[in-house]
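Here's a walk through one model, written for someone who likes to know the cut-offs behind each term. Have the coordinates open while you read.

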Amino acid sequence: MTYFLLALALIGALLLVYAMWLRAWLKTKGWAQGFFTWIEPFEVKVFKKSETMLVSRLLELGSLIVGSYDSIAIFATSYDMTPITTRLFDFLHVAPDLRGVAMAGFVFGLARVMGFLRRRTTKPLEVVAVSSKDVTPAVAQALVNAEVSKDVAVAAVNDAKAA
């Protein structure tokens with residue numbers, strides 16, 4: 001059971017790395033365009049191609065796992081997460097007296113991830129979630145206009161703050 005939960009944690013960590021850095025980096029590589037052609041329908045359907053929405057979905061999935069913990073027969077019949085967190089912290093070699101701080105650090109880190117993604121993406125989801133196959137010349141121009149409008153608005157706010 002511990003390996004199953006560690007596998008889930010690893011998948012979550014990989015998706016988090018994908019949302020924060022890997023997706024943007026891969027978008028700049030010509031050789032990765034086939035991957036995005038394949039994955040784009042999934043991205044649009046599940047998280048609307050928004051990294052912030054992807055992290056939101058990861059949190060939703062995690063809460064579903066924790067929420068269903070008590071009702072799955074293979075788990076213990078209590079809602080005590082100590083056996084799982086103890087094994088995880090033992091695996092990560094976190095000292096027993098630092099485990100509360102480690103959990104607080106995890107939540108803090110998650111908050112930082114959400115803030116990072118929110119600052120990076122400020123366009124409406126409808127603009128972000130446009131599938132490549134749906135981009136007509138008019139849609140392409142609207143996407144460029146949205147990006148320029150965002151940049152102009154941010155520059156105006158920054159200029160007002162500097163003045």
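## Ground rules

Buried means under 20% relative accessible area, exposed means over 50%, and partly exposed is whatever falls in between (1.4 Å probe, protein chains only). Helices (H or I, at least four residues) and strands (E, at least two) are DSSP runs, numbered from the N terminus.

This is a predicted model, so local features need pLDDT of at least 70 and side-chain atom pairs count only at pLDDT 80 or more, while totals for chains, interfaces and linings use all residues. Residues are numbered from 1 along each chain as its sequence is written, and side-chain values use heavy atoms, with hydrogens and water left out.

## The overall picture

The protein chain has seven helices and zero strands, so the run from the N terminus reads α-α-α-α-α-α-α. Of its 163 residues, 21% are buried. Contact here means heavy atoms within 4.5 Å. Among contacts with a separation of 6 or more, 56% are between residues 24 or more positions apart.

The accessible surface is about 11100 Å², and carbon and sulfur atoms hold 71% of that. Accessible areas come from the Shrake-Rupley method with a 1.4 Å probe; for residues, only the protein chains shown count as cover.

## Helix H2 and its kink

Which residues of H2 are buried? They are Phe36, Ile39, Glu40, Glu43 and Phe47. The helix also bends: there's a kink of about 50 degrees at Ile39, shortly before the proline Pro41. That bend is the angle between axes fitted to the seven residues ending at a position and the seven starting there.

Right after H2 comes Lys48, with a positive phi near 50 degrees. His93 also has a positive phi, near 60 degrees, and is a residue other than glycine. For context, most residues other than glycine have a negative phi. His93 sits in the loop between helix H4 (82-91) and helix H5 (99-120), and its 72% relative accessibility is why it counts as exposed.

## Glu40 and its partners

Glu40 belongs to helix H2 (residues 33-47) and counts as buried because its relative accessibility is 7%. Leaving aside residues up to four places away in sequence, Glu40 touches Lys49, Val130, Ser131, Ser132 and Lys133.

Its side chain makes a polar contact of 3.1 Å with the side chain of Ser131. A polar atom of the Glu40 side chain also lies 2.9 Å from the backbone nitrogen of Ser132. A polar contact is a pair of N or O atoms within 3.5 Å; within protein, one must be able to donate a hydrogen and the other to accept it, and residues adjacent in sequence count only if both atoms are side-chain atoms.

## Salt bridges

The structure holds four salt bridges, each a side-chain nitrogen of Lys or Arg within 4 Å of a carboxyl oxygen of Asp or Glu. One of them pairs Arg23 with Glu43, with the closest N and O atoms 2.9 Å apart. Arg23 is in helix H1 and Glu43 in helix H2, so this pair ties together parts that are 20 residues apart in sequence. Both partners are buried, with Arg23 at 6% relative accessibility. Beyond residues up to four places away in sequence, Arg23 touches Tyr18, Phe36, Glu43, Lys49 and Glu51.

Lys49 also forms a salt bridge with Glu40 (2.9 Å, N to O), and Lys49 counts as buried because its relative accessibility is 10%. Another bridge joins Lys150 and Glu147 (3.1 Å, N to O). Those two are three residues apart in helix H7 (residues 137-162), so about one helical turn separates them. Glu147 is partly exposed, at 27% relative accessible area.

## Helix H1 and the surface

Where does Trp21 lie? Trp21 is in helix H1 (residues 2-27). Trp21 joins Val17, Leu22, Trp25 and Trp31 in a nonpolar surface patch, with about 590 Å² of accessible area together. Patches are made of residues with over 30% relative accessible area and no salt bridge: like charges are joined within 9 Å, nonpolar side chains (Val, Leu, Ile, Met, Phe, Trp, Tyr) within 5 Å.

Ile11 is in H1 too, and is partly exposed at 48% relative accessible area. Its C-alpha atom is 9.8 Å from that of Leu58, 47 residues apart along the chain.
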